[in-house]
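The exercises below are meant to be worked with the model open beside the page. Each begins with a task and is followed by a solution that proceeds in steps.

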Amino acid sequence: VVDQVGVEQGAGDQGQAGQGEVRRALAARAADREPVLAALVAAGLADCSHVLGSPGNGAEIELLHGGRILFSAPWRDLLAAWGELSYRMQFLRDDPDCAREAYEALLDIDDPGLSPHLSFDPTEDIGAPFIGGRRPRVAILREQGVNGHVEMAAAFERAGFEAVDIHMSELAAGERNLVDAQGLVACGGFSYGDVLGAGQGWAKAILFDERLRVLFGEFLADPGRFALGVCNGCQMLAMLRELIPGAGHWPRFVANRVAQFEARLALVEVLASPSVFLRDMTGSRLPVVVAHGEGRAVFEGDPAGLAALRYVDNHGRPAVRYPANPGGSPGGLTGLTTPDGRVTIMMPHPERVFRSVQHSWHPPHWGEDGPWLRMFRNARRWLG
């Protein structure tokens, strides 16, 4: 519960009341109301400070003057009025059903907001025993239009790897190879501007080049190596599923159900899966960055046992509605793996929130490293 304490400052220098007047408002918890007012009195602002209003019983907004209620209205009605114009515009511009679902979500006054829940201790550094030893190489792949490589390299470096920048043109020309890499990561972005479909140009540059097809096929089949695809890299690796053992039922990704690019903070749940990246994280619900235009998974087979991540709403339920499910994938699925867990793909961007400070808010017990860093440390632990 928050009280609004209004503070009027100055009557201006125009010689007329009200002209040049500066008004300020601050919010304080109801329990802190008296100390706040006392501080204003001590600052000489007693004559121009007064209580504007309060949320009342939590279901209504009340505006006060002289202790009398001047205005009172249900919180939900005010939200509806505030959001209706945006809803009407979105209804015309985007998918109408998604627009309606977003409007209804806005009016859910019982929505607890993004509520993280962890099944592990985020301060536990499971990679610590390996940091002082060798730093295995992980190839951070780049292609024309990829833009998530720096954050990805930083996350793997923090987890005890040596991140190596490799451009696809170097592999195609035979100037570089993947021999020394223990892991391979395809990052987010917009390879080839997504003009052939998200990630498809990147994938076809591999599939239609015999040398690259063999290179990636051997790497992805090696039981001692891992691979990760995020966002555009997820879309790309999904198109390479014929080269990845056990990935035959992975989906292809098409335009978001809302028919717009989605950039938001979403909530995902870690599902029980063999993914080496998500070990000991099952059941966790974590805020994560989403930024994609083609994040809707279309399955041609049953992904049972390979599902690794799904969107959930703020109540922790599988997200089937927009915007909790920003892509529109069935069951909210947004991450998959292989039967041996070595290769994992996901549409959200954990590399963009692996530090606690990258969140707009986080529980104080998280410490400097956010819970998503566990994913990268898991890969380091898997290599031993």
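**Exercise 1. Classify the two partners of a salt bridge, and place them along the chain.**

Step 1. Begin with R257, whose relative accessibility of 27% makes this residue count as partly exposed, because buried means under 20% and exposed over 50%. The structure is a predicted model, and the values used here are computed from it.

Step 2. Turn to the partner: E101 forms a salt bridge with R257, and the closest N and O atoms of the two are 2.8 Å apart. The pair links distant parts of the chain, since E101 is in helix α3 (residues 96–106) while R257 is in the loop between β10 and β11 (262–270), 156 residues apart.

Step 3. Apply the cut-off of 20% to E101, which at 11% relative accessibility counts as buried. A buried acid is thus paired with a partly exposed base.

**Exercise 2. Work out how R377 and D125 are joined, and which network they belong to.**

Step 1. The side chains of R377 and D125 meet in a salt bridge, with 3.0 Å from N to O. This pair also links distant parts of the chain, with R377 in helix α10 and D125 in the loop between α3 and α4 (128–131), 252 residues apart.

Step 2. R377 is buried, its relative accessible area being 5%, whereas D125, at 31% relative accessibility, counts as partly exposed.

Step 3. For comparison, take R142 and D165, whose side chains meet in a salt bridge at 2.6 Å, N to O. R142 lies in strand β6 (residues 137–142) and D165 in strand β7 (residues 162–167), so this pair ties together parts that are 23 residues apart in sequence. R142 counts as partly exposed at 24% relative accessibility, and D165 likewise counts as partly exposed, at 36%.

Step 4. Salt bridges that share partners join D125, R158, D369 and R377 into one network. The structure holds 22 salt bridges.

**Exercise 3. Decide whether P371 and L212 are buried or exposed, and describe their surroundings.**

Step 1. P371, placed in the loop between β16 (343–346) and α10 (373–383), counts as buried at 1% relative accessibility.

Step 2. Leaving aside neighbours within four places in sequence, P371 is in contact with L118, F120, P122, M281, L286 and W366. The C-alpha atoms of P371 and E124 are separated by 9.6 Å, although these residues are 247 apart along the chain.

Step 3. L212, in helix α8 (residues 210–221), is buried as well, with a relative accessible area of 2%. Beyond its neighbours within four places in sequence, L212 is in contact with M168, L171, A172, A205 and I206; from L212 to L171 the C-alpha distance is 7.4 Å, with their positions 41 residues apart in sequence.

**Exercise 4. Explain why helix α9 is described as largely enclosed, and contrast it with a surface patch.**

Step 1. Seven of the eight residues of helix α9 (residues 232–239) are buried, so the helix is largely enclosed by the rest of the structure. The buried residues are N232, G233, C234, Q235, M236, L237 and A238.

Step 2. These residues pack against β8 (181–186), α7 (200–207), β9 (226–230), β10 (252–254) and β16.

Step 3. On the surface, by contrast, L63, L70, F71 and L78 form a nonpolar patch with about 340 Å² of accessible area together. L78, which lies in helix α2 (residues 75–93), is partly exposed, with a relative accessible area of 33%.

Conventions. Residues are numbered from 1 along each chain as its sequence is written. This is a predicted model: local features need pLDDT of at least 70, side-chain atom pairs count only at pLDDT 80 or more; totals for chains, interfaces and linings use all residues. Side-chain values use heavy atoms; hydrogens and water are left out. Patches are made of residues with over 30% relative accessible area and no salt bridge: like charges are joined within 9 Å, nonpolar side chains (Val, Leu, Ile, Met, Phe, Trp, Tyr) within 5 Å. Accessible areas come from the Shrake-Rupley method with a 1.4 Å probe; for residues, only the protein chains shown count as cover. A salt bridge is a side-chain nitrogen of Lys or Arg within 4 Å of a carboxyl oxygen of Asp or Glu. Helices (H or I, at least four residues) and strands (E, at least two) are DSSP runs, numbered from the N terminus. Buried means under 20% relative accessible area, exposed over 50%, partly exposed in between (1.4 Å probe, protein chains only). Contact means heavy atoms within 4.5 Å.
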